[in-house]
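Please look through the sequence and the structure shown below before reading on. The report that follows takes up the aromatic rings and then the surroundings of the ligand.

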Amino acid sequence: MTAVQHIPAQPTEFSFGPGTTALVVIDMQRDFLLPGGFGESLGNDVAQLRKVIEPLAHLMAAARAAGLPVIHTREGHLPDLSDCPPAKLLRGSPSQRIGDPGKYGRLLVRGEYGHGIIDELTPLPGEVVIDKPGKGAFYATELAQVLAQKSIASLLVTGVTTEVCVHTTVREANDRGYECLVVSDCVGSYFAEFQRVGLEMIAAQGGIFGWVTDSPAVIDALAAAPPITRAPAHTPV
Ligand code: C5J
């Protein structure tokens, strides 16, 4: 077990054991971040999300250097869309729907180019990539088992979008007993207001389901952490 480290955060300092902490990178996929993907089909300006790439690349490098597991997620569906409920498939009036042919293959379909993680943040060999059909990374995935197997109790949460998949995942994680620190400059929204309020919601009410800080604070704490020794398995609730 490694010594507990502390990161300045809202609403209070975040305490974590580097040996029981993972970096989670949510849905940094071409479909959300490149023009012509699923995100743009919903009428969004993908440039809003691309601000996250550079700070997140630095944070991923720091996490890897410190020995933290980096766990990536991808939102998407089977080619026959059997895991995409009609409520999701048919909602709204997008210019294109999930499964339609797009600039990077069928939108939000596993195995298509657009479903892949952007080149700048490509997972390293051996890093876990969780494919999820929903917004939360725990729903219908093996994430809880992966975290238990790695003895993870705390999550540094990054990715897109702040108010949708990041929020849903942090809420799911909180209910399962994980302590979540959301890294403000490494999460992104298509909407500036949702970004601001989404972060405020996490840390409000004494940290109702998590903590919030920025990547320089996390990188400083990781750099100061002693070498990691792994703890026994954490059992999620
Ligand atoms: C959305 C996500 N926004 N990854 N997905 O549909 O947040």
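## A tyrosine pair

Tyrosine 104 is buried, because its relative accessible area is 15% and buried means under 20%. Tyrosine 113, by contrast, is partly exposed, with a relative accessible area of 44%, a value that falls between the limits of 20% for buried and 50% for exposed. These descriptions, like the others in this report, refer to a predicted model.

A pair of aromatic rings is described by the distance of the centres and the angle of the planes. A search of the whole structure finds six aromatic pairs, and one of them joins tyrosine 104 and tyrosine 113, whose ring centres are 6.0 Å apart and whose planes make an angle of 45°. This pair is tilted, because the angle is neither under 30 degrees, as stacked rings would require, nor over 60, as edge-to-face rings would require.

## Other aromatic residues

Another aromatic pair is formed by phenylalanine 32 and phenylalanine 38, with 6.1 Å from centre to centre and 80° between the planes, and this arrangement is edge-to-face. Both phenylalanine 32 and phenylalanine 38 are buried. Elsewhere in the sequence, Phe14, Phe16 and Trp211 form one aromatic cluster.

## The ligand and its shell

The ligand sits in the largest pocket, and the residues around the ligand are Asp27, Phe32, Glu75, Lys135, Val160, Thr161, Val164 and Cys165. Phe32 therefore has a place both in this shell and in the edge-to-face pair with phenylalanine 38, where the angle of the planes is over 60 degrees. Sorted by character, the shell holds four nonpolar residues, one polar residue and three charged residues.

## Polar contacts of the ligand

Which side chain has an N or O atom 2.9 Å from a nitrogen atom of the ligand? That side chain belongs to glutamate 75, while a polar side-chain atom of lysine 135 lies 2.8 Å from an oxygen atom of the ligand. Valine 160 takes part through its backbone, where a polar atom is 3.1 Å from a nitrogen atom of the ligand. Taken alone, the ligand exposes 230 Å², and the protein buries 91% of that area.

Conventions:
Residues are numbered from 1 along each chain as its sequence is written. This is a predicted model: local features need pLDDT of at least 70, side-chain atom pairs count only at pLDDT 80 or more; totals for chains, interfaces and linings use all residues. Side-chain values use heavy atoms; hydrogens and water are left out. A residue is near a molecule or strand if one of its heavy atoms lies within 4 Å of it. A polar contact is a pair of N or O atoms within 3.5 Å; within protein, one must be able to donate a hydrogen and the other to accept it, and residues adjacent in sequence count only if both atoms are side-chain atoms. Accessible areas come from the Shrake-Rupley method with a 1.4 Å probe; for residues, only the protein chains shown count as cover. On a 1 Å grid over the protein atoms alone, a cavity is a set of points where a 1.4 Å probe fits but cannot get out, and a pocket is an open set with protein on both sides within 12 Å along at least five of seven lines; lining residues have an atom within 4 Å of a point. A molecule sits in a cavity or pocket if more than half of its atoms lie within 2 Å of its grid points. Ala, Val, Leu, Ile, Met, Phe, Trp, Tyr, Cys and Pro count as nonpolar, Asp, Glu, Lys and Arg as charged, and the others, Gly among them, as polar. Rings of Phe, Tyr and Trp (its six-membered ring) pair if their centres lie within 6.5 Å; planes under 30 degrees apart count as stacked, over 60 as edge-to-face and the rest as tilted. Buried means under 20% relative accessible area, exposed over 50%, partly exposed in between (1.4 Å probe, protein chains only).
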